[in-house]
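User: I am new to this structure and would like a close look at a single part of it. Please take one strand and explain how it sits among its surroundings.

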Amino acid sequence: MELLTLEHFAGCVNEPFSAAMSGMDVEFMLVEARPLQATQPNAARVPFSLLFRNTSPVLFPQQIYPMRHPRVGEVGIFLVPIAQERAGFLYQAVFN
């Protein structure tokens, strides 16, 4: 499996990702993809963060979600709920 990098996601901002949950697909919109400060020299990749918005009134727990996108493919992403907005909840994934 290829190591995921920021470049895999940077062109997908404002595009939906589909997460399979309990036999149904739930949409998460990628709203931000940004690099993070590197803490280890010679790391396999530059650390980065992804923010997803889900408009469901239901708060989904932090866990790995199998997510699909036409260009990225299917990947397991560990999402953590970090904020509630009027439009739903924000979830963050950090890759380091």
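Analyst: In this predicted model, strand β3 is largely enclosed by the rest of the structure, because 6 of its 7 residues are buried. The strand covers residues 48–54, and its surroundings can be followed by looking at its partners on either side, then at two of its residues.

The wider setting is a barrel, into which 6 strands close in the order β1-β2-β3-β6-β5-β4, with antiparallel pairing. From one strand to the next, the twist averages 45°. In that order β3 stands between β2 and β6. Towards β2, the antiparallel pairing is made by 6 bridges, and one residue pair on this side is Leu 30 with its bridge partner Phe 52 in β3. Towards β6, the pairing is again antiparallel and runs over 7 bridges, and here Asn 54 has Phe 89 in β6 as its bridge partner. Elsewhere in the barrel, β1 and β4 pair in the antiparallel sense over 2 bridges, and Ala 19 stands opposite Met 67 in β4. As a general point, strands of a sheet pair through backbone hydrogen bonds, either parallel or antiparallel.

Phe 52 links the strand to the interior, being among the residues that touch the most other members of the largest nonpolar core, a set of 24 residues that also includes Phe 28, Met 67 and Leu 79. The strand β3 is one of the elements that each supply at least two residues of this core, along with others such as α1 and β2, while β6 gives the most, with 4 residues. Phe 28 shows how these parts meet: leaving aside its neighbours within four places in sequence, its contacts include Phe 52, Arg 53 and Asn 54, as well as Ala 19, Met 67, Leu 79 and Tyr 91.

Asn 54, which also belongs to β3, deserves a separate look. Its relative accessible area is 2%, and Asn 54 is therefore counted as buried, since that term applies under 20%. A polar atom of the Asn 54 side chain lies 2.8 Å from the backbone oxygen of Glu 27. Not counting residues up to four places away in sequence, Asn 54 touches Val 26, Glu 27 and Phe 28, and also Phe 60, Ala 87, Gly 88, Phe 89 and Tyr 91. Taken together, β3 is paired with β2 and with β6, and the strand is largely enclosed by the rest of the structure.

Methods
Residues are numbered from 1 along each chain as its sequence is written. This is a predicted model: local features need pLDDT of at least 70, side-chain atom pairs count only at pLDDT 80 or more; totals for chains, interfaces and linings use all residues. Side-chain values use heavy atoms; hydrogens and water are left out. A nonpolar core is a set of buried Ala, Val, Leu, Ile, Met, Phe, Trp, Tyr and Cys residues joined through side-chain atoms within 4.5 Å. Buried means under 20% relative accessible area, exposed over 50%, partly exposed in between (1.4 Å probe, protein chains only). Contact means heavy atoms within 4.5 Å. Two strands pair if DSSP finds at least two bridges between them. Axes are lines fitted to C-alpha atoms, for helices over the stretch in contact, and angles run from 0 to 180 degrees between N-to-C directions. A polar contact is a pair of N or O atoms within 3.5 Å; within protein, one must be able to donate a hydrogen and the other to accept it, and residues adjacent in sequence count only if both atoms are side-chain atoms.
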